[in-house]
Amino acid sequence: FKQINLRCNTMAPVGRGKKAKKTVTKYVLDCTHPAEDSILDPADFVTFLNSRVKVAGKTNNLGDSIMITKEKNCVNLSADIPLSKRYLKYLTKKYLKKQNLRDWLRVVSNSKNSFELRYFQVDNEETEE
């Protein structure tokens, strides 16, 4: 008996020319209340973020992938690479701690891709006897 080897000369189609589309994530940090009271300087916060944001495990490695800008009392951050909102909140809290503002300000999310710096609500309704 002879074995007959049948081969199919067609291969599975390969998708060519399709590239993954780049997603740009944009975050907004609203510093209006502390900036109006001259407690926090948004320009100083932008320089802090520029020096502390890590790209590929290294600081000062932003390049064209992350843009941090200041508009009035808001800090805008747009990234071509994946950047978590939680990491941005972590860096904001770290900046507040460095400026000794962590006891008076908190970072609150007010939409899907924006944060707001708010004052803690302190109740001063203690009765004095």
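**Overall fold and two charged sites**

Contacts that reach far along the sequence are a good place to start: among contacts in the chain with a separation of 6 or more, 56% join residues 24 or more positions apart. The model examined here is a predicted one. Its secondary structure consists of 3 helices and 5 strands, and reading from the N terminus, these elements follow the order β-α-α-β-β-α-β-β. The chain has 129 residues, of which 29% are buried. Its accessible surface amounts to about 10400 Å², with carbon and sulfur atoms contributing 49% of that area.

Turning to the surface, a patch of positive charge is formed by Arg-52, Lys-54, Lys-94 and Lys-98. Arg-52 belongs to helix 2, which spans residues 42-52. This arginine has a relative accessibility of 33%. Because buried means under 20% and exposed means over 50%, Arg-52 is classed as partly exposed.

A positively charged residue in another setting is Lys-85, which sits in helix 3 (residues 85-98). Lys-85 is buried, yet no salt bridge is found for this residue. The nearest side chain of opposite charge is that of Glu-116, 11 Å away. A salt bridge requires a side-chain nitrogen of Lys or Arg within 4 Å of a carboxyl oxygen of Asp or Glu. Leaving aside residues up to four places away in sequence, Lys-85 touches Tyr-27, Ser-109, Ser-111, Lys-112, Asn-113, Ser-114 and Phe-115.

Terms used:
Residues are numbered from 1 along each chain as its sequence is written. This is a predicted model: local features need pLDDT of at least 70, side-chain atom pairs count only at pLDDT 80 or more; totals for chains, interfaces and linings use all residues. Side-chain values use heavy atoms; hydrogens and water are left out. Patches are made of residues with over 30% relative accessible area and no salt bridge: like charges are joined within 9 Å, nonpolar side chains (Val, Leu, Ile, Met, Phe, Trp, Tyr) within 5 Å. Accessible areas come from the Shrake-Rupley method with a 1.4 Å probe; for residues, only the protein chains shown count as cover. Lys and Arg count as positive and Asp and Glu as negative; His and the chain ends are not counted. The place of a charge is taken as NZ of Lys, CZ of Arg, CG of Asp or CD of Glu. Helices (H or I, at least four residues) and strands (E, at least two) are DSSP runs, numbered from the N terminus. Buried means under 20% relative accessible area, exposed over 50%, partly exposed in between (1.4 Å probe, protein chains only). Contact means heavy atoms within 4.5 Å.
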